[in-house]
Amino acid sequence: MSREDLLQKTILLCATVGSGTLVVGIFLLMLHLGWPLLISGQFFSLLLQEWRPADNLYGIYPMLLGSTVISLLALLIGLPISLGTAFATTVVAPPWLRSASLALIRYMAGIPTVVYGFVAVFFLVPFMREQITGGSGLNILSAALVLAILIAPTMVIFFVNGLSGVAKTYSLAVDALGGTPVQKLLYLLLPQAWPALTAGTVMGLGRAMGDTLISLMVAGNSIAVPGAVTDSARTLTAHIALVIAADFAGMEFMSIFSCGIVLYLFTVLFVSVIRLTSKTRND
Amino acid sequence: MVWNGCWRVALCFDNDMASASKIITRSLAFSYDKKTLFESIDLELPEHCIAAVTGPSGAGKSTFLTVFNRLWQEFGGGNVSGTVLLRFADGLVDIYREHLPASELRRRVGMVFQKPNPLPMSIHKNVAFPLRLAGHRKRGEMDHLVEKALRKAHLFEEVKDRLRADARALSGGQQQRLCIARALMLEPEILLLDEPTSSLDARSCGKIEELLDDLKQSCTVLMVSHYQDQVRRVADLVFEMTDQTLIRSA
């Protein structure tokens, strides 16, 4: 191996090891900061307690529920839309519309989150307040709707890559055997693109779970345990953003490490799902 | 009538003359991006024959085949003019004028490609696939029909013990016979074969040629082939695609 090769290899290896270490490092840091909670056993009780600082209760159960419900609802709304868009783009639409819609979707993925939040606050929230839910209009449903649009481009891009990655010869075989476009989707494309579809869905869920700004701006940030999708709620991420200004030594501040650890574990779970599904398919 | 030195099938609107023909084209032309691929093709093919089209590569032979099942429409672009009439059991059908859904046409006009293209599923599922697309649901009957199609394609004996195995694990020649079995599953009246043996070794090639002779009993076969000797062995009618049109070879 020449010196130049060696140098290149070393640089690349350092970059890889560096970013890998960083991810592990972040987890260790959070574990370190949240350690007092963990050893005293408070971590697990925090997961089930309510957030009532006046009564010295700093549980994150409402936020855990808020995050889960908002992101799942966003996925429930966003998934069919994304799947339909991806299918239309890859199979049904005429070529000019395919490239146009793909360009638009890539562009959508690049719009800053705050813009979506801003538009929602001025259009969706008043509409929600006056026409549908009443109240402030800042609630789980509003946040989930905006998040659905926010995560759709990510999912569509994954889905389009997966669907268009299915061999053209297969596609042509189905056409020549008299398959309709919908049959092609059901019998060929969906089963073949399954790993990419799972990956896209999990990525979308991960993005919805990890998003801070939309829930902060649109979900209402109530600390009560939400009972319906028309209730206001606070997510784990929004909670971190809201509490971070509190006294560093206080229990209130400590609680955000439990939020961090929970979010981290969710991400690990999502990534494991992706790894597992693509692995079983390959076997 | 046009004479090109060779005999060209007469353009004839007289229905008496067309009555025995299975495939009829009149002034058929195909262009792609305003560039003419072929034109003025007037063809009449009788039932139960094997017609072969030869010619240099890039002359548009494969595209010519896809005119008869409208598969070219899946590639985007392209334009057909003229008339294509196919005689099905229920009468003469103008496949470009009458509102015939592509899926229905393709269930009646089967096609086998140059490179075997089994779907990523088991042998059984591959052969059963067209029936599934056509909405056939009875499972018990399916096994019998799959066996019948595999027998027609001279493949059953070789695969009967591994019908549930992945079709892509078969040899090239077996894969191609599987594709023929799959195309025969819907009992098409017309079968289009695009250089069905060009990616196969001599032995597999021989097996497919044997099979072609049987196929003639149930369908009209229109095939494209590179090999002059193969064409001489199997074809009843031979055409050559040259100078942007189709002329009958002596």
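**Cores and chain contact in a predicted two-chain model**

Start with B:V127, which touches B:V146, B:A149 and B:L150, along with B:L178, B:A181, B:R182 and B:M185, leaving aside residues up to four places away in sequence. The model here is a predicted one. B:V127 turns up again in the largest nonpolar core, where it is among the residues with the most contacts inside that core. B:A181, one of its partners, is on that list too, together with B:L222 from chain B and A:L147 and A:F159 from chain A. The whole core runs to 124 residues. Its top contributor is helix α7 of chain A (residues 140-164), which puts in 16 residues. There is also a second core, separate from this one, with 15 residues; A:F43, A:L46, A:V243 and A:M254 are among them.

As for the annotation, an unreviewed UniProt entry lists residues 64-274 of chain A as "domain: ABC transmembrane type-1". Over that stretch, chain A is 79% helix and 0% strand. The C-alpha atoms at the two ends of residues 64-274 sit 22 Å apart.

Then there is the contact between the chains, made up of 14 residues from chain A and 18 residues from chain B. On the side of chain A that touches chain B, α8 (168-176) and α9 (181-192) each chip in at least two residues. Helix α8 of chain A gives the most to that side, with six residues. By residue type, the chain A side splits into seven nonpolar, six polar and one charged.

Terms used: Residues numbered from 1 in each chain as written. Chains lettered and ligands numbered in written order. Predicted model: local features only at pLDDT ≥ 70, side-chain atom pairs only at ≥ 80, totals over all residues. Core = buried A, V, L, I, M, F, W, Y, C linked by C-beta atoms within 7 Å. Buried ≥ 20, exposed ≤ 12 C-beta atoms within 10 Å, placed from the backbone. Helix = DSSP H or I, 4+ residues; strand = E, 2+ residues; numbered from the N terminus. Contact = placed C-beta atoms within 7 Å. UniProt positions renumbered as here; feature names shortened; annotations may be inferred. Nonpolar A, V, L, I, M, F, W, Y, C, P; charged D, E, K, R; others polar.
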